[in-house]
Amino acid sequence: MYEVDATCRYLQHIDYFKRESSPQSRCRYNYKLCEVTPNSVYHTLHRLNRATRNKPSPKEGAPQQRASMAEEVILLDTWVSPFGMRARIALAEKGIKHEHREEDLGNKSDTLLKMNPIHKTIPVLIHNGKPVCESNNIVQYLDEVWHDKSPLLPSDPYLKAQARFWADFVDRKVFDAGRKVWVTKGEEQKSLMEEFIGHLKTLEAELGDEPYFGGEKMGYVDVTMVPIYSWFHAYEVSGNFSFESHCPKLVAWAERCMQHHSVSKALPDPEKVYQYVLQLRKRLGIE
Amino acid sequence: MANELILLDTWVSPFGMRVRIALREKGIKFEYKEEDLTNKSDLLLKMNPIHKKIPVLIHNGKPVRESGIIVQYVDEVWHDKAPLLPSEPYPRAQARFWADFVDKKIYDTGRKIWTTKGDEQKSATEEFIGYLKTLEAELGAKPYFGGEKLGYVDVTMIPFYSWFHAYEVSGNFSIESNCPKLMAWAKRCMQHESVSKTLPDPKKVYEFILQLKKRLGIE
């Protein structure tokens with residue numbers, strides 16, 4: 001068994017070295033195992049690592065280098081989609097230049113059908129010709145590739161798991177109940193609105209006294225949740241109530257997020273969203 | 001570092017099975033606690049007050065919830081052992097996409113097969129087979145969704161193999177004749193001890209569904 005400096009970033013080589021004991025052994029990064037006695041191995045590995053620290057191996061480019069190469073980023077989207085807004089906010093927060101393409105969901109483009117043949121939905125991020133689909137997946141991808149700019153997810157695995165949990169809650173509970181409100185009426189709609197407000201109160205409790213779900217700065221959960229704020233006016237007018245009276249802290253949080261250019265630019269005019277909803281309900285024959 | 005791991009789970013849950021497979025693949029010791037979902041333990045209600053569901057992984061007293069999130073957490077903490085997610089962002093995003101596809105489509109449609117009858121059941125069966133064929137196409141000529149080794153999508157999907165017999169008997173159809181490649185993939189996964197030790201006997205799963213239907217008042 002060999003001891004290796006725990007801070008060595010080539011820790012993954014340990015398993016290889018443990019299996020092979022021949023002095024001619026080489027690991028997959030082409031570092032030569034010169035001697036087999038434990039101390040010598042330690043020193044050899046460490047020396048090799050120091051010497052090669054500034055030279056990434058040919059198969060692995062440092063993410064920073066990759067992100068600064070000529071990047072073509074396209075976002076297929078629609079102005080009113082809260083899912084699309086998530087991607088827009090993440091792109092703006094990280095200052096990523098991109099081309100925004102408005103899709104007509106009644107007449108989907110060939111590009112959309114080719115890039116997302118499984119679901120045929122927006123948003124779709126196309127990065128150097130390769131598609132990434134599903135809004136939360138896109139945000140996580142952007143956060144991993146452009147990880148040095150405005151990180152959205154925590155680096156600690158436990159905190160990351162908590163952020164993912166709450167983003168999943170926003171998707172499966174908040175957005176789902178919110179969406180159903182528009183395709184129902186009467187008692188059923190009233191019941192769904194109550195459910196929706198209940199979920200918002202759960203989020204308020206989770207926020208607590210923090211300025212953002214991400215703590216001192218906007219994070220993954222903030223980006224996932226804030227788009228629905230552009231739909232609040234439509235809910236309030238339709239349901240004849242005020243979110244402020246039910247969840248004042250959450251409304252304050254949303255307004256805090258709106259101070260960020262990335263958010264205020266991504267979210268559409270609430271009055272336009274309301275007009276859109278009215279037309280949608282007419283089209284569906286509900287109103 | 002002393003690692004205390006407790007998994008709150010039920011034997012028949014495909015979501016719980018994902019976590020068990022991931023932990024076993026990585027050779028991580030954990031304490032398994034079988035929950036009675038008709039009489040949930042105080043521990044479960046305390047550790048998952050929002051959804052009150054299993055699986056919940058309690059790591060040194062702190063809960064991680066939702067099977068996909070737990071598997072990713074385990075993969076990140078024990079990243080040096082049998083990694084499940086690719087290290088590059090683009091293949092990772094693809095793996096997450098397909099795991100999300102399995103989550104959104106397989107369980108809910110499968111459930112319709114054993115909870116409905118007649119035309120509704122027939123329609124659910126056709127939809128289900130359609131989704132399996134989509135997965136088959138994604139698998140292509142690879143031995144696993146993860147490539148040469150079991151990966152995140154394999155771990156996400158393979159638990160449903162223990163439910164295939166129940167779906168087939170309920171819906172009166174054969175998955176083998178519709179999706180032979182997917183069945184070959186499933187049998188390949190079952191060669192792994194982490195999988196064969198985790199998945200329950202398909203006949204027991206079918207009996208469980210029959211009892212559940214009685215309890216829910218479904219014929």
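Which backbone oxygen does the side chain of T109(B) reach, and at what distance? The points below take up this question within a predicted model, beginning with the residue itself and then moving outward to the interface and to chain A.

1. The side chain of T109(B) reaches the backbone oxygen of K105(B), and the distance is 2.6 Å. T109(B) has its place in helix 4 of chain B, and K105(B) is likewise found in helix 4 of chain B, which is worth keeping in mind when following this pair in the structure.

2. T109(B) has a relative accessible area of 4% and is therefore classed as buried, given that the class covers values under 20%. When residues up to four places away in sequence are not counted, T109(B) touches A124(B), E127(B), F128(B) and Y131(B).

3. K105(B), by contrast, has a relative accessible area of 22%, and because the buried class ends at 20% and the exposed class begins over 50%, this residue is described as partly exposed. Leaving aside neighbours within four places in sequence, K105(B) is in contact with Y131(B) in its own chain and with H119(A) in chain A. From C-alpha to C-alpha, K105(B) lies 7.9 Å from F128(B), although the two are 23 residues apart in sequence.

4. T125(B) offers a further view of chain B, being found in helix 5, which spans residues 118–139. With a relative accessibility of 8%, T125(B) counts as buried. Its contacts, not counting residues up to four places away in sequence, are with I113(B), G171(B) and F173(B).

5. Turning to the interface, 29 residues of chain B are in contact with 28 residues of chain A. The area buried between the two chains is about 2,500 Å², and carbon and sulfur atoms give 60% of that area.

6. Five salt bridges are found across the interface of chain B and chain A. One of the salt bridges in the structure joins E134(A) and K104(B), whose closest N and O atoms are 2.7 Å apart. Twelve residue pairs in polar contact are also found across this interface, with both residues of each pair at pLDDT 80 or more.

7. On the side of chain B that touches chain A, the elements giving two or more residues are strand 4 (62–65), helix 3 (67–77) and helix 4 (89–115) of chain B. Helix 4 of chain B supplies the largest share of that side, with twelve residues. Sorted by class, the same side of chain B has twelve nonpolar, five polar and twelve charged residues.

8. As for chain A as a whole, there are 14 helices and four strands. Of its 287 residues, 47% count as buried, and its accessible surface comes to about 15,000 Å², of which 51% belongs to carbon and sulfur atoms. Among the contacts in chain A with a separation of 6 or more, 64% are accounted for by residues 24 or more positions apart.

9. Why is helix 6 of chain A described as largely enclosed by the rest of the structure? The description applies because ten of the eleven residues of this helix, which covers residues 135–145, are buried. The buried residues of helix 6 include S135(A), N136(A) and N137(A) at its start, followed by I138(A), V139(A), Q140(A), Y141(A), L142(A) and D143(A), with V145(A) also in the buried set.

Methods:
Residues numbered from 1 in each chain as written. Chains lettered and ligands numbered in written order. Predicted model: local features only at pLDDT ≥ 70, side-chain atom pairs only at ≥ 80, totals over all residues. Heavy atoms only, no water. Contact = heavy atoms within 4.5 Å. Buried area = accessible area lost by both parts, 1.4 Å probe. Salt bridge = Lys/Arg side-chain N within 4 Å of Asp/Glu carboxyl O. Polar contact = N/O pair within 3.5 Å; in protein donor to acceptor, adjacent residues only side chain to side chain. Nonpolar A, V, L, I, M, F, W, Y, C, P; charged D, E, K, R; others polar. Buried < 20%, exposed > 50% of the residue type's maximum accessible area, 1.4 Å probe, protein only. Areas by Shrake-Rupley, 256 points an atom, 1.4 Å probe, with all protein chains shown as cover.
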